[in-house]
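User: Hello! I would like to walk through a structure with you, one question at a time. Shall we take a look?

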Amino acid sequence: MTSRLDRIAQKRREKLERIRARGINPYPYRYHRSHTTQQAVALLKQQEESSSKAEAPVVNIAGRVMANRPMGKISFLDIRDSSGKIQLSFHSDLLSEASLKLLKDIDIGDIIGVSGRLFRTKSGEPTLEVENLTLLAKSLQPLPEKWHGLSDIDKRYRQRYLDLIANTEAKEIFQMRSQIITAIRQFLNRRGFIEVETPVLQPSAGGALARPFITHHHTLDQNFYLRIAPELHLKRLIIGGFDKVYELGRTFRNEGISTKHNPEFTMLESYETYADYNDVMAMLEEMVAEISQQVLGRDKVEFGSNTINFKPPWPRLELRQAIIKYSGIDFEKYPDADSLKAEMLQLKMEVDPQKDRGRLIDELISTFVEPNLIQPTFLLDYPVEMSPLAKIKPDNERLVERFEAFAGGMEIANAFTELNDPIEQRQRFLGQQKERQIEDEIVETIDEDFLLALEYGMPPTGGLGVGIDRLVMLLTGQPSIRQVILFPQLREKP
C-alpha cells in the first residue's frame, strides 16, 4: 500500500516531468542574486525613509519556498534564505504565461529565484511583487509538517539538513557556534598565540587517558590511532622554539556517548612558555567572559533553571576539599586502589575492580562533585596518578599542578603546569602503560619521539584544553551535546 508521503513524492516527480517537457531545466547552473532577503527588506526601508519619490528598484532574490497561499488572481509565497525570509506576491496580470504555468508546479520546499519591485502591504509586510520566476531546484520530498512540535528528536539529528531548513533556532545555534570559535581565535591571536595544525593519525595514543580509535595504513602496513589529544605534538613545537601555540581541531575518543560526550569532538589546546597553571586559569576565565560578551552581549547565560555568571574571578577549590565536601571521602586517607574501592562501596557505588586509584578518584569527581559545580569553578591540585603530564607541586609530591574548570555541572576545561623533566616523564608513561595492560587494553602510549624531544629541553609551560562543544552548550543554553554538533554520532537504525 502506497503511503501518503509516497503519493506526494510521486506528484512532485510528475510536476518535474511537466517542467522538463516545457523545455525548462529544473536544476540550472547558476542564478544572479542581487540581494539577500534581509538586504531587500533593508533596501525597502531605506527607500521609505528617503525623501525621493523614485520607484523602488528591481531586485533579484532567491530562496526556499516555505509557504504558499493562493488567493484567486494573487498568490503569496514566503521564501527563506540564510539571512531571513520575505513574502512574494504573484499577480496573474503581471506574469508571463510561462511563469504562470511554472507557478502552478511550484511546491513548498522548492528553491526559486524571483525578480521584481519591493512594496509594503496594507498590513505592513515587506513584499516583492514578482515579475519573473525561475525554478532553481525542484524538491522531490515534502518538508516535515509542524516541525517545531516534532517529538522525534532522533530524526532531527539524523537528518540535520531538515532541522536547519525548518527550524530557525537550530540554524542560529550553529551560527553562534561559528561566532564563538571566531572569538576564541581572535582572543588568542591578540595575545600572541599562533594557530597550528598537528597530525590526526598518530603512531601512539598519547596526551590523555582515553581509549583510542585504531586504523591501519595499508601502504606502510602500520596501525595508527586517531588522536585522543594534540598535546604531545604541540609540545614539540614549544620545544622547537614557538612561545605560544594553539590548535582548534577534532579529537577522537572511543568511549561512551551521552548528553555530554560524542566520540569525536572539537578541542582547543594552547601552550604558553614561562607560564604555569595559575596564569592559564587567569587567561581562561578572561577568555570565556570576553567571548560571552562579544557573542551574546552579556557575561550571564541561562542554562536550564540556572543563571551562570562568567564574570571573573571564578572560585578556586582544592580537589581534595571538594570531594570531602560532597562525598565525605578524603582520598588522602586511602593511598591505594583497594582501600579506596572499599570506602566507595560503603557509599553503595558500583566500582569497577579494574580501575586504578586515579580513575576511582575521577569517578568520585563525576559522581559527587561535578553535578554541584553550576557556577564557573576551578578544581585545583590533582593526585599525580591522574595526571601523567603535569608537574608535581613543590610542597606535596602526591599532587600535581593541574586544574579542571567546571560550569553548568560539567567539565569544560583541563590544564597543567606541564611536566618538562624527560626522565620523570618516561617513568610516568611506563606507569600508565602498566595500568593499561592491567585493564587488558593493548594500546601503545609511550611516544619515544616525544621523550627524545623533551631531552633537548622544554621551557616551563602552561597548557590548556577546552571542550568547545560543551562551551557552546553553555553559551547557547543547550542541554545536549548533540544539539551543538551538526552531525553527531548515532546508533545505526535496525
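Analyst: Happy to! One definition first, for the cavity we will come to: Ala, Val, Leu, Ile, Met, Phe, Trp, Tyr, Cys and Pro count as nonpolar, Asp, Glu, Lys and Arg as charged, and the others, Gly among them, as polar. Please also keep in mind that this is a predicted model.

User: Thanks! How do the residues of the lining of the largest cavity divide into nonpolar, polar and charged?

Analyst: The largest cavity holds about 40 Å³ of space. Its lining is made up of Ala205, Gly206, Gly207, Ala208, Pro388, Leu389, Phe429, Gln432 and Thr445. Sorted by class, the lining has five nonpolar, four polar and no charged residues.

User: And how many cavities of 30 Å³ or more does a search of the whole structure find?

Analyst: A little background helps here: rolling a probe the size of a water molecule over the atoms shows where empty space is left. When the whole structure is searched for cavities of 30 Å³ or more, the count is one.

User: Let's turn to the nonpolar cores. Which helix gives the most to the largest nonpolar core?

Analyst: In soluble globular proteins, nonpolar side chains tend to be buried together. Here the largest nonpolar core has 46 residues, and Ile184, Leu284 and Phe403 have the most contacts inside it. With ten residues, the element that gives the most to this core is helix H8 (residues 277-296).

User: How many residues are in the other core, the one with Ile329 and Met458?

Analyst: That core lies apart from the largest one, and its members include Ile329, Ile361, Leu451 and Met458. Its size is 40 residues.

User: Is leucine 188 buried or exposed?

Analyst: Leucine 188 sits in helix H6 (residues 168-190). Beyond its neighbours within four places in sequence, leucine 188 is in contact with Phe193, Tyr246, Leu268, Met283 and Met287. Because its relative accessibility is 0% and the cut-off is under 20%, leucine 188 counts as buried.

User: How far apart in space are leucine 188 and methionine 281?

Analyst: In sequence, leucine 188 and methionine 281 are 93 residues apart. From C-alpha to C-alpha, their separation in space is 14 Å.

User: Now the backbone. Is lysine 348, with its positive phi, buried or exposed?

Analyst: Most residues other than glycine have a negative phi, and most peptide bonds are trans. Lysine 348 has a phi near 65 degrees, and lies in the loop between helix H10 (337-346) and helix H11 (357-369). Because its relative accessibility is 74%, lysine 348 counts as exposed.

User: What about aspartate 381: buried or exposed?

Analyst: Aspartate 381 also has a positive phi, near 70 degrees. Its place is in strand S15 (residues 377-383). With a relative accessible area of 9%, aspartate 381 is buried.

User: What is the peptide bond from proline 312 to proline 313, cis or trans?

Analyst: Proline 313 belongs to the loop between strand S13 (306-309) and strand S14 (316-318). Omega for the bond from proline 312 to proline 313 is near -5 degrees, so the bond is cis.

User: Which residues of strand S12 point to one face and are buried?

Analyst: In a regular strand the side chains alternate between the two faces of the sheet. Strand S12 (residues 300-303) shows such alternation, with Lys300 and Glu302 on the face that is not buried. The buried face is formed by Val301 and Phe303.

User: Which residue in the turn between S12 and S13 has a positive phi?

Analyst: S12 and S13 run antiparallel and are joined by four bridges, with valine 301 opposite isoleucine 308. Two residues separate the strands of this hairpin. The one in the turn with a positive phi, about 65 degrees, is glycine 304.

User: Last one! Which residue in S5 is the bridge partner of serine 89?

Analyst: Strand S3 (residues 84-91) is largely enclosed by the rest of the structure, because six of its eight residues are buried. On the S2 side, eight antiparallel bridges join the strands, and serine 89 partners phenylalanine 76. Three bridges join S3 to strand S5 (residues 126-137), running parallel. There, the partner of serine 89 is glutamate 129.

Key
Residues are numbered from 1 along each chain as its sequence is written. This is a predicted model: local features need pLDDT of at least 70, side-chain atom pairs count only at pLDDT 80 or more; totals for chains, interfaces and linings use all residues. Side-chain values use heavy atoms; hydrogens and water are left out. Buried means under 20% relative accessible area, exposed over 50%, partly exposed in between (1.4 Å probe, protein chains only). Contact means heavy atoms within 4.5 Å. A nonpolar core is a set of buried Ala, Val, Leu, Ile, Met, Phe, Trp, Tyr and Cys residues joined through side-chain atoms within 4.5 Å. On a 1 Å grid over the protein atoms alone, a cavity is a set of points where a 1.4 Å probe fits but cannot get out, and a pocket is an open set with protein on both sides within 12 Å along at least five of seven lines; lining residues have an atom within 4 Å of a point. Grid points are joined across faces, edges and corners, and a volume is the space filled by probe spheres set on the points. Two strands pair if DSSP finds at least two bridges between them.
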